[in-house]
Structures are given as structure tokens and as C-alpha cells.
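Open the model in your viewer and set it to a cartoon view. We will walk through it one selection at a time.

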Amino acid sequence: WMGKDSACKRRLENSEVAADRAIDLAKSYGGNLSVVSVVDIPAEFYSHVQALDEAHELIKNAKKITDEVKEKADAQGVKTTTFVKEGEPSQNWLNVY
């Protein structure tokens with residue numbers, strides 16, 4: 001059994017590897033990069049002030065992470081645009097433009 005922290009750490013590490021690979025590909029082929037994060041906020045969060053604060057923290061953290069990837073890509077000469085969306089990831093990650 002793996003704890004919640006271990007699973008989160010593993011997902012973060014996988015995301016970092018994916019971001020690095022995307023930057024390498026964009027750089028190799030002269031492309032641009034779109035960095036997308038979709039934050040899934042349960043509807044019940046909106047009825048509780050404390051949960052709403054947590055939801056804002058999740059969005060703020062997603063923005064921080066996308067900005068970090070943009071900074072890394074920009075440093076390698078890859079033009080990058082970031083998007084942070086709220087909603088169901090499977091339905092929203094393509095609706096960024």
C-alpha cells in the first residue's frame with residue numbers, strides 16, 4: 001500500500017518528466033508549448049467557506065506549477081502559453097483556446 005503523499009509525489013515526478021520531455025520536443029522541432037492544468041473542484045466546496053479557500057489554494061498551486069514550466073521552457077527558447085482551467089479534466093483540458 002502506498003500512502004497519499006507517496007502517490008502525490010509520484011504524480012508530481014511524472015508530471016515533471018512529462019514537462020521536460022514536452023520542452024525537449026518543442027525545442028527540437030521549433031514548436032511552441034501550451035501548458036495546461038485543469039483543477040477539479042467538487043461542487044460541495046462552493047457551499048463551505050473553508051473548502052472554498054482550499055479550492056482557491058488548489059488553483060493558485062496549479063498556476064504556480066504552470067508558471068514554473070513556462071519559466072523553464074522560456075529559458076530554453078521555447079515560446080510557452082499557460083492555461084489553468086477549473087472543471088472536469090477529461091472534459092476541459094482541450095477547451096483552452
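Which residues make up the largest nonpolar core? Keep in mind that this is a predicted model. Now select Ala19, Ile23, Ala26, Leu33, Val35, Val69, Ala73 and Val78: these 8 residues are that core. Next, colour helix H1 (4-29), strand S1 (33-39) and helix H2 (49-75), since each supplies at least two residues of the core. H1 gives the most, with 3 residues.

**Stop two: strand S1.** Select residues 33-39, which form S1. Is this strand largely enclosed or not? Of its 7 residues, 5 are buried, so S1 is largely enclosed by the rest of the structure.

**Stop three: the strand pair.** Add strand S2, residues 80-86, to your selection. In which sense do S1 and S2 pair? They run in the parallel sense, and 7 bridges join them. Show Val36 as sticks, then look for Phe83 in S2, which stands opposite.

**Stop four: Thr80.** Select Thr80, found in S2. Is Thr80 buried or exposed? Its relative accessible area is 6%, under the 20% cut-off, so Thr80 is buried. Now show its side chain. It reaches the backbone oxygen of Val78 at 3.0 Å. Val78 is also one of the core residues from the opening stop.

Last, which residues does Thr80 touch, leaving aside its neighbours within four places in sequence? Select Leu33, Val35, Lys70, Ala73 and Asp74: Thr80 is in contact with each of them. Leu33, Val35 and Ala73 should look familiar, as they belong to the largest nonpolar core.

Technical notes: Residues numbered from 1 in each chain as written. Predicted model: local features only at pLDDT ≥ 70, side-chain atom pairs only at ≥ 80, totals over all residues. Heavy atoms only, no water. Helix = DSSP H or I, 4+ residues; strand = E, 2+ residues; numbered from the N terminus. Buried < 20%, exposed > 50% of the residue type's maximum accessible area, 1.4 Å probe, protein only. Polar contact = N/O pair within 3.5 Å; in protein donor to acceptor, adjacent residues only side chain to side chain. Contact = heavy atoms within 4.5 Å. Core = buried A, V, L, I, M, F, W, Y, C linked by side-chain atoms within 4.5 Å. Pairing = 2+ DSSP bridges.
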